[in-house]
Structure formats: C-alpha cells, structure tokens
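Biologist: I am still learning to read models like this one, and I would like a close look at a single part. Could you take me slowly through one chain, and then say something about the cysteines?

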Amino acid sequence: MMSRLLQVTNLSRSFGGVTAVKQVSFDLEDGQILAMIGPNGAGKSTCFNLINGQLHADVGSIKIDGQEVVGLKPRHIWQLGVGRTFQVTATFASMTVLENIQVALASFRKKARSPLRKLRNLFREEAMELLHLVGIPDYANLVCGVLAYGDLKRVELAVALTNQPRLLLMDEPTAGMEPAERQRLMDLTSRIVRTRNIGALFIEHDMDVVFTHADRVVVLNRGEKIAEGTPGQVRQNDNVRAVYLGFDDASS
Amino acid sequence: MLGAALVVGVLGVFIEISLLRRLYHVPELFLLMATFGIVLILQDGTRWIFGAEDLLGPRAPGIEGSVNIMGSLMPQYDLVLIIIAPLVLGGIWLIFHRSRWGVLVRAATEDREMVSVLGVNQARLYTGVFFLGSFLAGLGGAIQLPKGGADLLMDMNVIAAAFVIVVVGGMGSIIGAYLAAVLIGELSAFGILIFPQSTLIMMFLVMAVVLVIRPYGFFGKSEARRTGSEDASLALLQPASKKLRLLGLIFLAVIGLLPLFAGSFQLILMTEIAIFALASMGLYFIMGPGGMLSFGHAAFFGGGAYAAALMVHYLQTPMELALVMAPLLIGLLALIIGWFCVRLSGVYLAMLTLAFGQICWSIVFQWGGFTGGDDGILSIWPSKWAADKLVFYYLTMVLSLGGIIALRYLIFTPFGYTLRACRDSALRAGTLGINTFKYQWAAFAVAGGFTGLAGGIYVFSKGSVFPDEMAITRSFEFLLMVLLGGVDAIMGPIVGPAAFIWLHNTISRIDFWQFILGIVFIVLVVAFPQGIAGFFNQRFGRYFSERYYQEG
C-alpha cells in the first residue's frame with residue numbers, strides 16, 4: 001500500500017491527570033482538505049501541536065509520508081514539508097510583512113546563516129509573489145504589528161507556504177474574521193491547496209466554512225474521535241448532534 | 001529596629017508613589033535604571049547625613065552574652081537571628097496565603113487585568129507590596145547592625161546577594177528564597193574552611209550550578225514564552241536612508257578632523273568613548289536583536305583587556321597580534337559561557353551571565369600570581385608606530401567604528417534577521433526550521449568577540465588593566481550606556497556611551513556627584529523612556545526615512 005501523506009494512529013497525550021487526546025486515529029491524502037471540529041477543550045489544538053512536534057505524544061504514531069515523526073522537533077518536521085499557521089498568530093512583530101516572508105525563505109533556501117549579504121535584496125520577488133498569492137501585496141512594507149487580525153492570518157498563510165509544503169496545518173485560519181472574509185480566505189486556501197496538491201488539515205469553528213470547503217471532517221470531543229466522514233455524513237451523525245446541540249448552535 | 005524598618009518602609013512608599021508609579025508603563029529595564037539612580041542618590045544622601053566613616057553597631061541590650069553549645073561559644077544575638085528569620089518567613093507566608101490582601105497580590109502577579117476588572121485598586125496594592133519589601137529590607141539592615149555595623153558599600157553587596165538568592169530560590173517563591181539564603185549562607189561559611197579563596201565566588205558558583213541544572217531555580221515556574229505578534233513595542237530596525245548616511249559621513253569627517261582642533265584631553269575622551277561604544281554595541285547586539293539580557297558584559301570587556309595584557313606581559317606578543325588574538329579568545333570564552341546561558345531566558349539568563357561575570361572577575365582578582373590580582377598588570381603600551389597619541393587615536397577610531405559598522409551590517413543580513421526572528425517568536429522560528437539556540441549562541445559569541453576587541457584596545461590606550469574592568473559595576477555601566485542610548489535604536493550604542501562618559505567626566509569633579517548623576521538618570525528615564533537615540537528616532541525619524549516603511 002502506498003504510504004499516505006499523513007497517518008495518525010492511536011495518538012494519546014495527557015497533561016497531569018487530564019487526557020487531552022485519547023487514541024485518535026485519522027489520515028489525510030495529497031490534495032485533500034480535512035477539517036477538525038469539536039467543542040472547546042476537545043483536544044484539537046493539542047492534536048495539532050503533537051503533529052507539529054511542539055508536544056510529544058505519550059503513545060501512538062504519526063507518520064508523514066511514511067516517516068515516523070513522534071519525537072522530532074518542529075524544525076525537523078518543517079524539513080519534511082510541513083507548513084503551520086497558529087491560532088494566535090505568530091509573526092515577527094519587528095519586521096515588515098515582506099521581511100517576514102524573506103526571513104522564512106532564507107531559512108528554506110539555507111541562507112539564514114549568511115552574514116555577508118543584506119536580506120533586503122534576497123528573495124524579494126519570490127516573497128512578493130507569495131504576497132500576491134494571498135492577496136496582500138499592498139501591505140508588503142507595513143510592520144506586522146499594525147495589521148488587522150485577518151490580514152495577519154494571510155501573512156501566516158504566506159509564511160506557511162514558504163517551504164513549499166506538502167502538508168499544511170492551519171489552526172483556526174479564519175478566527176476573528178467577519179463571515180464574508182472567512183469565505184474569501186478559505187476559497188483562496190482551497191484554490192492554493194488544490195492547485196499545488198497540498199494536503200490540508202484545519203481546525204475550524206465556523207460550520208459554514210467547514211461544510212463548504214472540507215472534503216472530510218473529523219470530530220473530536222473530550223479528546224476522543226467521535227465521528228469521521230464527509231460533511232454530509234458528519235451532519236447526520238447522532239453523536240455529533242448530541243455533542244453540538246448542547247454546546248453550540250452549529251452555525252455560529 | 002522595628003522603627004528603622006518602618007522608616008525605610010515609608011521611604012520606599014514615598015519613592016514608589018512619587019516616582020516609580022509614573023514609570024510602570026516604561027519597559028522593565030528602564031525601571032531598573034531609575035532604581036539605580038535612586039541607589040546613587042540614597043548613597044550620597046547617606047554619606048551626606050552620616051558621614052563617610054563606617055558605623056559600628058551597638059550590641060543589642062539584654063542579649064550581649066554568649067551560650068556554650070557543644071564546646072564553642074555562640075553569641076546569644078546570633079541565636080536570636082537564627083530564630084527571627086524563620087519567624088519572618090512564617091509571617092510573610094501567612095500574609096500571602098491567609099490574608100485577603102496577600103491573595104490579591106498573588107492574583108495580581110498572575111493576571112493584572114483580571115484583578116483590575118474585579119475592581120481592585122492596583123496602585124494601592126503595588127504601594128503595599130513596595131512598603132512590605134522596603135520594610136523587610138530595612139529590618140534586615142537593622143538587625144544585622146549589631147553584627148557588622150554599617151558602611152556605604154553595603155548596598156552593592158546586598159543587591160547582588162538578594163538578586164542571587166531570589167533567582168536561586170525561584171522567582172515568586174518565598175520559601176525558595178529562604179532555602180536559597182540558608183544554602184548559600186552555609187556554603188559560604190564552610191567554603192572558607194575548605195577553600196579560603198572561594199568566598200567571593202561561592203555565591204555565584206552556587207547560582208551558576210543551580211541555574212544550569214534547574215533553569216528556573218528551586219521552586220520557580222517557567223516564564224510564559226512570548227509568541228510574538230501581540231507585542232507591538234518591538235521596534236522596526238530601518239536601514240539607513242540617504243540623509244542618515246550623509247549624516248554618518250559628516251560624523252566620520254568630524255572624527256577624522258577633530259585632532260586639528262581638539263586638545264589631547266578631548267582626544268583621550270573621544271578614544272574612550274569610541275572603545276566603550278564598541279563594547280556597548282556588543283551588548284546591544286545581544287540585548288536588541290538577540291533579545292537576551294546580559295548582566296555580565298564586563299567579563300568580555302575585561303577579558304579582552306586581560307587577554308591582551310597577559311599576552312604582552314608573558315609572551316611579549318606585539319600589539320597587532322594581541323589585538324587579533326583578544327577577540328578570538330574572548331569569542332571562545334563567550335562561546336563557552338553562552339552555551340550555558342542561552343538555554344535560559346529573561347531574568348534567569350541575565351543572572352547566569354552575572355554569575356559567570358563574577359566568576360571571571362574573581363579568578364582574575366584572586367589568582368594574583370598570574371594576573372597580578374588587585375595590583376593589575378602595568379606598562380602595556382602600543383607598538384612603536386602607534387605610540388603617538390594621534391596615531392593611536394586614529395587606530396582606535398578605525399577599529400572601533402569598523403567593529404560597530406560590522407555589527408550594524410550583521411543586523412541587516414539574513415543572520416541578523418533570523419536572530420531577530422528567534423527573539424520575536426521562538427515558536428514561529430521553530431516551525432520555519434530555525435534552530436533558535438544555535439543562532440542566539442552564535443550571536444552571543446560574536447558580540448563577545450567584538451567586546452573583547454574593545455577590551456584589547458582599551459588596555460593599550462590606558463597602559464594598564466585592573467580587575468575593576470571585569471567587576472559588576474562595569475557590567476552595569478555598559479547596561480546603562482545601552483539603555484541611555486535606547487535598546488530599540490541602532491545608534492543607541494554610540495549615543496549612550498558618549499552621553500554617559502561625558503556626563504561622568506563633567507559631573508565627577510563636583511562633590512556628591514553620584515547624587516547628581518542619580519538625578520540625571522531618573523530625569524533621563526522620565527524624559528526619554530526609549531533612550532536618547534530612541535527618542536530622536538521617534539521625534540525626527542520621519543525626516544530621515546525614505547518612506548520605505550509606511551506607518552499604519
């Protein structure tokens with residue numbers, strides 16, 4: 001059998017006595033978009049941080065392209081072609097938008113160590129292309145600190161694309177945006193993911209976004225996977241209805 | 001004694017209300033500078049009121065005698081002290097865990113905003129904490145009076161010890177602080193028996209060992225890591241615009257032509273400023289783009305000076321070679337020290353650099369046979385061709401400005417940006433394949449090397465070197481110079497030392513000059529919270545910018 005892009009098997013992690021993620025398994029193929037949903041505290045972000053290498057799993061296996069990554073650091077996982085965006089945006093606040101991309105590109109092209117040439121002139125066009133791609137070329141010379149939250153999310157997306165990833169992990173890519181902008185950003189993301197044949201895993205609370213864009217959905221509750229399937233299947237699932245009716249009106 | 005403690009407590013409240021309260025919005029480091037100013041003022045104030053002589057404390061009435069414990073005489077007073085300390089500890093613990101006020105204080109340190117949302121008057125809370133802290137410090141000073149008397153140099157010793165103990169115990173842990181104090185006290189006492197030379201460094205050795213093994217002290221919790229983005233105070237570093245470059249050229253021309261107009265005193269002053277500017281640039285590189293606070297920078301500066309002096313003294317190394325070797329050797333030293341320090345962050349990192357700085361200092365100070373100890377190393381003069389004051393002036397300028405420009409250039413290379421990326425968001429840097437430790441470590445070593453060069457030039461300009469060049473005071477002076485210039489401004493490390501040395505030279509001829517210097521510091525902190533160069537950037541920056549960066 002061909003190895004899948006991402007294969008998560010029996011993943012568990014607990015903090016003290018609390019089990020945040022419990023025996024979760026799912027997988028993802030190239031060019032596919034998988035949404036992870038669930039109420040607050042369901043273990044979605046923990047799951048992400050495990051795949052990304054920020055946290056280490058207690059038990060279980062995570063394979064990217066067939067390679068076991070449990071125990072690797074984020075920077076090693078990045079080398080395997082994983083791009084990541086964060087729930088609370090993490091950009092370099094003392095740099096301009098363009099410089100944020102340039103410094104990421106410098107790392108990807110193994111030029112980050114160079115003490116001889118100025119960064120300002122390196123990878124400029126490539127960085128601009130990425131900014132065009134995510135729709136914020138006009139903000140190139142703005143300091144990240146002054147951007148609106150939604151625009152920062154776009155910067156994050158561009159930064160996550162700098163290592164030409166095969167797998168994109170997006171933690172609430174549309175949080176803090178108005179509904180129309182959410183759909184625009186996710187349209188854009190879908191387009192990028194499909195044209196570049198990237199596999200994307202994203203956490204999302206907005207069910208409209210999930211049902212419009214995801215190929216498949218994984219539902220977590222209290223650390224456990226309670227459902228998985230196409231958006232249609234998940235919508236009909238009794239477990240999901242039980243969980244969501246109590247917590248959320250499923251279309252916030 | 002309680003009276004003394006109360007007086008000090010009230011003095012603390014007075015300082016807090018009149019000055020510090022206005023400064024809570026400025027970065028913590030500047031607060032540190034303001035408190036340093038207060039120390040200077042109080043020191044001279046004390047000298048003015050009580051005179052410069054040491055005061056001997058009276059024996060405590062009623063407990064003058066001694067008790068025979070297992071064949072050795074113990075003064076009764078010492079026994080009383082041994083009892084008082086745990087009582088104070090118990091009292092504080094009760095205040096913080098059982099009283100409403102104490103619980104509020106602990107809540108406020110956890111989450112300021114939430115507490116203020118709950119309608120608590122924070123200003124009063126902080127004033128209360130300040131009172132308690134000052135009260136305890138006063139009490140400590142008062143009850144040790146019958147044992148040791150009082151002198152004007154108590155402050156520096158006590159500050160260092162108090163810092164060390166709090167950090168070793170783990171910040172935020174009162175019991176940890178008590179245990180650390182007992183541990184360090186015992187080790188110092190027994191250290192004298194086993195290894196008499198160890199007294200000066202024992203405390204710092206303990207701290208170094210503890211921090212290497214337990215990065216947050218005995219009971220400290222890891223500080224929340226900055227994720228970036230939210231902190232808009234991180235300033236943008238701009239490449240020089242054409243106008244600024246022109247200004248720089250004019251500045252260089254002035255320096256080049258200065259000997260035509262200035263007397264030899266001014267030239268010596270300029271030489272000193274240039275050397276200190278290079279060393280400050282080294283510290284700035286660590287603190288600004290590197291985001292690492294160092295309290296032990298004098299180790300690299302003094303280290304460079306000693307490296308050069310020892311080579312000349314023992315190996316008759318020519319000046320040229322010594323000036324090449326000093327930065328390399330100190331770069332190596334920084335590589336070793338950095339390997340331990342860079343793993344930590346924030347205050348813990350700063351304290352570990354302080355510990356290493358003190359260890360270096362005490363090696364030089366106490367290894368008299370090799371380094372000359374307190375007497376220093378004398379008659380280290382430049383090579384013949386550079387012996388002339390004027391030639392040496394130009395040599396210093398070329399090396400110092402060259403070093404400064406090189407470090408400045410480095411900030412704009414991919415290396416410098418990657419380093420800043422590690423500071424802005426270690427989390428993001430990690431997910432971009434950047435090994436943050438390696439970059440910060442390398443930055444530490446590079447900055448150390450350039451500072452070593454500054455030390456090397458310094459020794460040839462003075463002709464001698466003494467352990468003072470490595471002492472805490474020197475480290476603090478570097479810190480002040482960088483802060484005075486501004487941590488977020490690349491020109492800071494030139495402006496800061498210039499202002500500092502000029503001030504120092506002008507004021508130190510007046511009696512009670514420390515008092516005035518202290519006031520000047522406080523005024524500077526209040527007037528220029530971003531440092532002098534930072535202030536000019538903010539005020540006049542737009543005249544020089546090429547609109548390369550737009551404001552939001």
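Modeller: What follows is a walk through chain A, ending with the cysteines. Please keep in mind throughout that this is a predicted model. Chain A is built from nine helices and ten strands, and its C-alpha atoms fill a box of roughly 60 × 40 × 40 Å when the box is taken along the principal axes. A compact globule with 252 residues would have a radius of gyration near 18 Å, and because chain A has 18 Å, its value agrees with that expectation. Of those 252 residues, 56% count as buried, and among the contacts between residues at least 6 apart in the sequence of chain A, 66% join residues at least 24 apart.

Turning to the surface, chain A exposes about 10500 Å², of which carbon and sulfur atoms supply 48%. Chain A also carries 29 positive and 27 negative side chains, and the centres of these two sets lie 7 Å apart.

As for the cysteines, A:Cys47 has 0% relative accessibility and therefore counts as buried, since the cut-off for that word is under 20%. Over all chains, the structure holds zero disulfides. One case outside chain A helps to show the reasoning: the closest cysteine sulfur to that of B:Cys341 belongs to B:Cys360 and is 10 Å away, which is too far for a bond, because a disulfide requires the two sulfur atoms to be within 2.5 Å. B:Cys341 is likewise buried, with a relative accessible area of 0%.

Technical notes. Residues are numbered from 1 along each chain as its sequence is written. Chains are lettered from A and ligands numbered from 1 in the order in which they are written. This is a predicted model: local features need pLDDT of at least 70, side-chain atom pairs count only at pLDDT 80 or more; totals for chains, interfaces and linings use all residues. Side-chain values use heavy atoms; hydrogens and water are left out. Helices (H or I, at least four residues) and strands (E, at least two) are DSSP runs, numbered from the N terminus. The radius of gyration is taken over C-alpha atoms; the globule rule is 2.2 Å times the number of residues to the power 0.38. Buried means under 20% relative accessible area, exposed over 50%, partly exposed in between (1.4 Å probe, protein chains only). Contact means heavy atoms within 4.5 Å. Accessible areas come from the Shrake-Rupley method with a 1.4 Å probe; for residues, only the protein chains shown count as cover. Lys and Arg count as positive and Asp and Glu as negative; His and the chain ends are not counted. The place of a charge is taken as NZ of Lys, CZ of Arg, CG of Asp or CD of Glu.
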